[in-house]
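The following exercises are to be worked through with the sequence and the structure in view. Each task is followed by a solution in steps.

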4 protein chains.
Amino acid sequence: MKKQMTAETSSSSPSLAQDTNHDTRRHELIVAAFQLIAEKGFEGLRIREVAARVAINIGTLYYYFPTKEGLIQGVVDYLVQHIVTIQAPAALQEVKTPRDELHQHFCNLVYELRETPDVFRVLGELLLRANRDTTISPILQETDENWSHYLVSLLTRGIKDRLFRADLDPQITARTLMSFFKGIPLQLGIQTSEVEKAVDQLENWLLA
Amino acid sequence: MKKQMTAETSSSSPSLAQDTNHDTRRHELIVAAFQLIAEKGFEGLRIREVAARVAINIGTLYYYFPTKEGLIQGVVDYLVQHIVTIQAPAALQEVKTPRDELHQHFCNLVYELRETPDVFRVLGELLLRANRDTTISPILQETDENWSHYLVSLLTRGIKDRLFRADLDPQITARTLMSFFKGIPLQLGIQTSEVEKAVDQLENWLLA
Amino acid sequence: MKKQMTAETSSSSPSLAQDTNHDTRRHELIVAAFQLIAEKGFEGLRIREVAARVAINIGTLYYYFPTKEGLIQGVVDYLVQHIVTIQAPAALQEVKTPRDELHQHFCNLVYELRETPDVFRVLGELLLRANRDTTISPILQETDENWSHYLVSLLTRGIKDRLFRADLDPQITARTLMSFFKGIPLQLGIQTSEVEKAVDQLENWLLA
Amino acid sequence: MKKQMTAETSSSSPSLAQDTNHDTRRHELIVAAFQLIAEKGFEGLRIREVAARVAINIGTLYYYFPTKEGLIQGVVDYLVQHIVTIQAPAALQEVKTPRDELHQHFCNLVYELRETPDVFRVLGELLLRANRDTTISPILQETDENWSHYLVSLLTRGIKDRLFRADLDPQITARTLMSFFKGIPLQLGIQTSEVEKAVDQLENWLLA
DNA sequence: TATGAATGAGCCTTCATTCAT
DNA sequence: GATGAATGAAGGCTCATTCAT
């Protein structure tokens, strides 16, 4: 209940302003932790260094996150929030055809893949981690299901509109596309241009 | 330097027997390390526990692997060896058409994905790790390139034979397929049957 | 410096009311600290938890007790006050014989031992602590001496009145009785009924 | 199974000698920990200082005691062993009368109380601790019961032999005596001579 | 008075690695 | 080759205390 404030609400009420400060610090810590993970992996995440990067005392960090696990959880939420924002941007422009919407969705993904590759790499580690860490497993699973649902509905509509191949299994195709995008950060020396071409070709394969 | 062999191993070629013993131990340690990584991730790999699982003293382990990095390197080689064996099995039956060979290749991958999922999960972690660990980067990159070359040649032949779509870009398609397979271990609740269907559909998209 | 009292406490003498409030808070904190010690021992006493139990901020606690040592001192005073109140209750009815008075004294002790065993356990820890903590040593020593004096005078009178054995050394007997009572909280599985019987028998041993 | 070796058994067998070394170190650590507790209480026990006093590395200490709790347990065993040795020394000279044996027992206790007062102080803390620490509770309880049994049997025999008062309740008397001895370390400024006199007088009270 | 935030010292524990035997 | 013991450098976390508001 401390969240969801926009900047313009900072009125005379001190407690609200405090909350903003509090959340700001929390966010700073989460971002620092994320960057550290991106640089050195989960195994290289050191509470001490996170605190150092935000230039606060270790004890203070523990004031915001009582445990390392909590901080990691914060990073997970942050990343999930990030991709959730990407995945459903089309809601604003519903006038498009499913084909255009899928195209837009792919463009968004490619854009983010290029601009914030770290996010995807860390998400990859998270996904792998989910097999042994029941804390992060459910939230990632849910996010995945939402993504899947979104793609399935898009594909189903596209097939009905005879935009996509009639022999497409929406469920399976969604899985295929997700697997493809998840695998991209695991490509070692790949160029962004190659990714774009691959996505284009893939789109093409779906067409009727 | 080699002295004091236990009586029963003294065969006609003692040095060979020793080497075999030596290699056996090394292999045991590598497998133990791999399993540990599969269970607890790279961050959960403890030299002590590897030694314990093979029931030898830590000091003895250091005789085989002078450093933890060396042991990890051993695991990397072991895994790479594993997938290399998968990726080029068709060499034995060159009579097939490119389409059949690709199908066989996919079947092999799916089979291994189901039988030894741990291998792929750990490989995924390795791939992610390669971005910051220059030790494992080159070997994985090389393996990847070999895989890519194999697929490209297969696709090129298939296109020439009019088995695959004429508009296929072999290079890009190879990347697409690799990305798809790499992304599979990152699918959280996926069933093997779904993977099989996805692969079938994908194969279908390639056809002329 | 004193400002902003809540409306309902503004009586005719505000400073007095404040003092009362102040003392009330202090007392609450002391009691909370005592309970914490009783539950988890001195080593388990956490300033933070004391504050939490009284539902105030840590900083506020420091307003009442500028140091942890001070709070502990408060607990010591509180406990000493408790036992002092027990030890000299007979002052009210001086008509009794020494024997009756000693009996009454023992009854009081047994009663408190049963009703507030925590007090005695913590006092035990305090007594042990006194060997290395010169802060609490004097006050406990003084209390002990008062107790000893009280018993000695009682015994002396009783001997003179031929109620107690003539061969009793009052000083030594007092010490014996005190040691006995102090040792009771160190009995692990003892029942109150056993304590009562032991006290009865002990009383009997003193009789002429 | 590593214990129970006497010095003269150190033969050529290296493993046996090692065991002795191992146990010696363990014992050194336990003694150091005990002294630290005696000086600063349980709350003042610092693993680092224990290691420093034995002049070994902290990590090495953890080689012998994987946890602080384990070291404390070792101290508990050490102390219990100490008092057990005191409490039943008369077994060697069974010719004595119960009265003499009890006298001897008291003398032993007083002797130890004077020579190793720390042991009793720490035992006192242990007894108090037992109320919240279920780890040490059973072992102390058992020791207590053994002591009680010993006293009861002694008293019972003495009563039958008409050496002790006929109206003595052995069970209750045993408890009384134990309580008395346990309370001695809680006497702040008491002299050994006073303890001796108190014990003498107490013995006297038991006589027929 | 009251509070949220901050601090620094320190504690328990882990772990890769080394070494003498 | 094998073992038990040792080491030092962290790392996660706690806690009494302080400070600005």
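**Exercise 1. Relation between chains A and B**

Chain A can be superposed on chain B with an RMSD of 0.2 Å by a turn of 180° and a shift of 0.0 Å along the axis. State what kind of axis relates the two copies.

Solution. The two copies are thus related as by a two-fold rotation axis. The superposition is a least-squares fit on the C-alpha atoms of residues with pLDDT of at least 70 in both copies. The model is a predicted one, in which local features need pLDDT of at least 70 and side-chain atom pairs count only at pLDDT 80 or more, while totals for chains, interfaces and linings use all residues. Residues are numbered from 1 along each chain as its sequence is written, and chains are lettered from A and ligands numbered from 1 in the order in which they are written.

**Exercise 2. The contact between chains A and B**

Determine how many residues each chain brings to the contact, and which element gives the largest share on the side of chain A.

Solution. Step one: chain A brings 40 residues and chain B brings 40 residues, two residues being in contact if their C-beta atoms, placed from the backbone, lie within 7 Å. Step two: on the side of chain A that touches chain B, two or more residues come from each of helix H1 (14-40), helix H6 (117-129), helix H7 (137-160), helix H8 (170-183) and helix H9 (192-206) of chain A. Helices are DSSP runs (H or I, at least four residues), numbered from the N terminus. Step three: H8(A) supplies the largest share of this side, ten residues. Step four: by class, this side of chain A has 16 nonpolar, eleven polar and 13 charged residues. Here Ala, Val, Leu, Ile, Met, Phe, Trp, Tyr, Cys and Pro count as nonpolar, Asp, Glu, Lys and Arg as charged, and the others, Gly among them, as polar. Step five: 100% of the interface residues of chain A are also interface residues in chain B, so the copies meet through the same surface.

**Exercise 3. The contact between chains D and C**

Find which helix of chain D gives the most to the side that touches chain C.

Solution. Chain D has 40 residues in contact with 40 residues of chain C. On the side of chain D, H8(D) gives the most, with ten residues. That side divides into 16 nonpolar, eleven polar and 13 charged residues.

**Exercise 4. The domains of chain A**

State where the domains of chain A lie and how many residues of each are in contact.

Solution. Chain A is divided into domain 1 (15-66) and domain 2 (82-208), with bounds from an automatic or database domain assignment. Their C-alpha centres lie 30 Å apart. Five residues of domain 1 of chain A are in contact with five residues of domain 2 of chain A. The side of domain 1 has four nonpolar, one polar and no charged residues.

**Exercise 5. DNA strand F and D:His22**

Identify the closest residues around DNA strand F, then decide how exposed D:His22 is.

Solution. The strand is surrounded by 38 residues, the closest being A:Gly59, A:Lys68, B:Gly59, C:Lys68 and D:Gly59; a residue is near the strand if its C-beta atom, placed from the backbone, lies within 6 Å of it. The surface near DNA strand F has 14 nonpolar, 16 polar and eight charged residues. D:His22 is found in helix H1 of chain D. D:His22 counts as partly exposed because it has 13 C-beta neighbours inside 10 Å, where 20 or more would make a residue buried and 12 or fewer exposed.
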